[in-house]
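Please look at the sequence and the model shown here, and follow the description from the ligand outward to the chain as a whole.

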Amino acid sequence: MSVSAFIRVTRPHNAVVAGLTALIGYLIATGTLTPPSLLLAVIVALITAGGNVINDVRDVEIDRINRPDRPIPAGEISLAGARAYAAALFVGGIAIATLTTTLCLAIAIMNSVILIIYAVRLKRTPVLGNAAVAYLTASVFLFGGAFAGIEGLVRNLSLAAITFLATIARELLKDAEDVDGDAAGGARTLPMLVGVRKTGIFAFACACGAVLVSLLPSGDWWSLFYLAGIAVVDLVIIFGAFRGVRCTTPGCVRESGATSILRTGMFAALAVFAIAAVI
Ligand SMILES: CC(C)=CCC/C(C)=C/CC/C(C)=C/CC/C(C)=C/COC[C@H](O)COP(=O)(O)O
Ligand SMILES: CC(C)=CCC/C(C)=C/CC/C(C)=C/CC/C(C)=C/COP(=O)(O)OP(=O)(O)O
Ligand SMILES: [Mg+2]
């Protein structure tokens, strides 16, 4: 048992970026950051970390094939220890959320429940599982906006829609990459049902939807800078998703780099949103 394993199992980069994204959500909804809004980052980081840990608990058999280096399949953390750790992260996040608003607390509780249901069941449900991860990712912007009330949440709806569609596209392509390990672990995913090719086409259509919504005028932060920045990001997203379209095998999707290109595009979009909110 090592401290490093307990940090790694939370996927710290992912949790920290999710926390910072909540701040971007608040910034976009209000145009400013206040000291209490910093709590949003801590809550989202803790709940995302809890979701990542419980995911690795449930996926231990799949990860023995797909990701044997992860702390649980590698034997660095016991299953019982990881379960208790995930519970502590969720309870910590929800406890801090009681210091925010009722709307934020409701989202924090609902998302914690969805993260657990995802790990236990939804991951094995084609499309619905992908939709759950896409909702969770998009909800970070809604959570940030909700700290400014229902109006703040509504202001971030288009951002959430863009994120939802782009995340669905990437999650489907990740499933296409992982078909072999997922099949061995008993998961059922869209590429197992309709094949890699059709999954790639559907993912491309979702990416195109995200790009279309990203170009629609919306909110105070919409500017010439935003349009120029997002146009470049949109090209990266289209390029990444297009690389997945041509594939008929999991190996081809992995070699195409589609999911990495999409991740780069999504992080670049975050930067464009953050800068557009402050200039
Ligand atoms: C068309 C267009 C402009 C799309 C951009 C959509 C957008 C703004 C995406 C931002 C999503 C994002 C990076 C959110 C950050 C916070 C978060 C919830 C991260 C969780 O997952 C991040 C990453 O996809 C995980 O990577 P991996 O572990 O390799 O699956
Ligand atoms: C707004 C609040 C309060 C919380 C947001 C919670 C967030 C950010 C969730 C983001 C999406 C996310 C990181 C979900 C965690 C579950 C997870 C690790 C899904 C991916 O798991 P698998 O489908 O098993 O893929 P892996 O191969 O990466 O394990
Ligand atoms: Mg997993």
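In this predicted model, domain 1 (1-150) and domain 2 (156-279) both contribute residues to the shell around ligand 1, so the ligand lies between them. That shell consists of 21 residues, and the closest of them to the ligand are Ala18, Ala166, Ala210, Met266 and Ala269. Two or more residues of the shell are given by each of the helices α2 (12-30), α7 (128-146), α9 (157-177), α12 (196-215), α13 (224-245) and α15 (258-278). Among these elements, α15 supplies the largest share, with 5 residues.

The chemical character of the surroundings can be described in the same way. Of the residues in the shell around ligand 1, 14 are nonpolar, 5 are polar and 2 are charged.

Turning from the ligand to the fold, the chain has 15 helices and 0 strands. Its C-alpha atoms fill a box of roughly 50 × 45 × 30 Å when the box is taken along the principal axes. For 279 residues, a compact globule would be expected to have a radius of gyration near 19 Å, and the chain has 18 Å, which means that the value agrees with that expectation.

Burial and contacts complete the picture of the chain. Of its 279 residues, 48% count as buried, and among the contacts between residues at least 6 apart in sequence, 73% join residues at least 24 apart.

Note on methods
Residues numbered from 1 in each chain as written. Chains lettered and ligands numbered in written order. Predicted model: local features only at pLDDT ≥ 70, side-chain atom pairs only at ≥ 80, totals over all residues. Near = placed C-beta within 6 Å. Helix = DSSP H or I, 4+ residues; strand = E, 2+ residues; numbered from the N terminus. Nonpolar A, V, L, I, M, F, W, Y, C, P; charged D, E, K, R; others polar. Domains from an automatic or database assignment. Rg over C-alpha atoms; globule rule 2.2 N^0.38 Å. Buried ≥ 20, exposed ≤ 12 C-beta atoms within 10 Å, placed from the backbone. Contact = placed C-beta atoms within 7 Å.
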